[in-house]
Amino acid sequence: MAIDCSNCKPFHEYHLRVEMMLVSSRYRALVMFVLLAIFRTANAADLVVIQKEEIVKKGDTNLPALRFQTRLGKLLADKMNRSVRYLDLPRKRFTTALESGDGDILCGYLPEWVPGQFFWSRPFIPIVDVVISAKRAKRPLAIGELKGQRIGTLIGFVYPEIEAVFGKDFVRDDGPSTESAMRKLAAGRFDHLLTTMSALQSELRKNELGLDLHPPLIIKEIKTQCALSTHS
């Protein structure tokens, strides 16, 4: 018996629309999956390098590029074929960022400076701590000669060798950055500043402040490490 399908067209059209909706839905789901995978891959490709937050003077856009951690982070990322992203934080937030996985790596420090639950590289980054003194003051030949005098320091930094010698007579003048401390020294706020040889050389290369200094007094020479997040 022949089947009368004169009324089948609406059914066929409905069935076709349903199939197209299902295909469209599967297609959208596939596209969303691919986009999500690309998004996650792109995020995973970033090497997040933690740096100490610096106060940069207005109009100085070149200062961050001169920092050692910035150059080292870019070099590491290039060697790993990854992009790099910098996370500038105050020193007190280093541990939280590494332990949470918000940052991958922090270089130029020691475990006793940044305690926390993360891995450490071998020591390989040399740091020479020095006292620089303006020529308007007497040149110190030993650190003990500065006991009781105001000395330029950085906020959040500890100076165990100085504290061991001075005790309560360690008179700190804290600043937010090496640059600001150098400016205070040039302005006569204090005559002596605790810094590193690399920071001193960087300032002398820029030669913006016209500092007239004695030869630096070396306090200690150490090799620092990189802290690595366990989530990285």
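## Buried links and paired strands

Cys 107 and Cys 226 are both buried. They make a good starting point for a tour of this structure, which is a predicted model.

### The disulfide

How many disulfides does a search of the whole structure find? The search turns up one. Its partners are Cys 107 and Cys 226, whose sulfur atoms are 2.0 Å apart. The torsion about their S-S bond is about 110°, so this disulfide is right-handed. Distant parts of the chain are linked by the pair: Cys 107 belongs to strand β3 (residues 105-109) and Cys 226 to strand β9 (residues 217-228), with their positions 119 residues apart.

Strand β9 also holds Gln 225. This glutamine has a relative accessible area of 11%, so Gln 225 is buried. Setting aside its neighbours within four places in sequence, Gln 225 is in contact with Leu 106, Cys 107, Gly 108, Tyr 109, Leu 110 and Pro 111, and also with Trp 120, Ser 121, Arg 122, Pro 123 and Ile 125. One of these contacts, Cys 107, is also a partner in the disulfide.

### Salt bridges

Side chains of opposite charge can pair when their charged atoms come close. Across the whole structure, a search finds 12 salt bridges. Here are some of them in turn.

Asp 129 and Lys 220 form a salt bridge, with 3.9 Å between the closest N and O atoms. This pair again links distant parts of the chain, as Asp 129 sits in strand β5 (residues 125-133) and Lys 220 in strand β9, 91 residues apart.

Lys 220 also forms a salt bridge with Glu 161, where the closest N and O atoms are 3.1 Å apart. Lys 220 is in strand β9 and Glu 161 in helix α4 (residues 160-166), so this pair ties together parts that are 59 residues apart in sequence. Elsewhere, Arg 150, Asp 173, Lys 184 and Arg 189 are joined into one network by salt bridges that share partners.

Lys 135 and Asp 212 provide another example, their side chains meeting in a salt bridge at 3.9 Å, N to O. Distant parts of the chain are linked here too: Lys 135 is in the loop between β5 and β6 (150-154), while Asp 212 is in the loop between α6 (197-206) and β9, 77 residues apart.

Are these partners buried or partly exposed? The table lists them one by one.

| Residue | Relative accessible area | Class |
|---|---|---|
| Asp 129 | 17% | buried |
| Lys 220 | 16% | buried |
| Glu 161 | 33% | partly exposed |
| Lys 135 | 46% | partly exposed |
| Asp 212 | 49% | partly exposed |

### Strand β1 and its partners

Where does strand β1 fit in? Strand β1 (residues 46-52) is mostly covered, with seven of its seven residues buried. Both of its faces are covered. On one side, Asp 46, Val 48, Ile 50 and Lys 52 are buried, and on the other, so are Leu 47, Val 49 and Gln 51.

Which strands pair with β1? Strand β2 (residues 83-89) pairs with β1 in the parallel sense over seven bridges. Within that pairing, Gln 51 stands opposite Asp 88 in β2. Strand β3 also runs parallel to β1, joined to β1 by two bridges. There, Ile 50 stands opposite Leu 106 in β3. That brings the tour back to the disulfide, since β3 is the strand that holds Cys 107.

Key. Residues numbered from 1 in each chain as written. Predicted model: local features only at pLDDT ≥ 70, side-chain atom pairs only at ≥ 80, totals over all residues. Heavy atoms only, no water. Disulfide = S-S within 2.5 Å. Helix = DSSP H or I, 4+ residues; strand = E, 2+ residues; numbered from the N terminus. Buried < 20%, exposed > 50% of the residue type's maximum accessible area, 1.4 Å probe, protein only. Contact = heavy atoms within 4.5 Å. Salt bridge = Lys/Arg side-chain N within 4 Å of Asp/Glu carboxyl O. Pairing = 2+ DSSP bridges.
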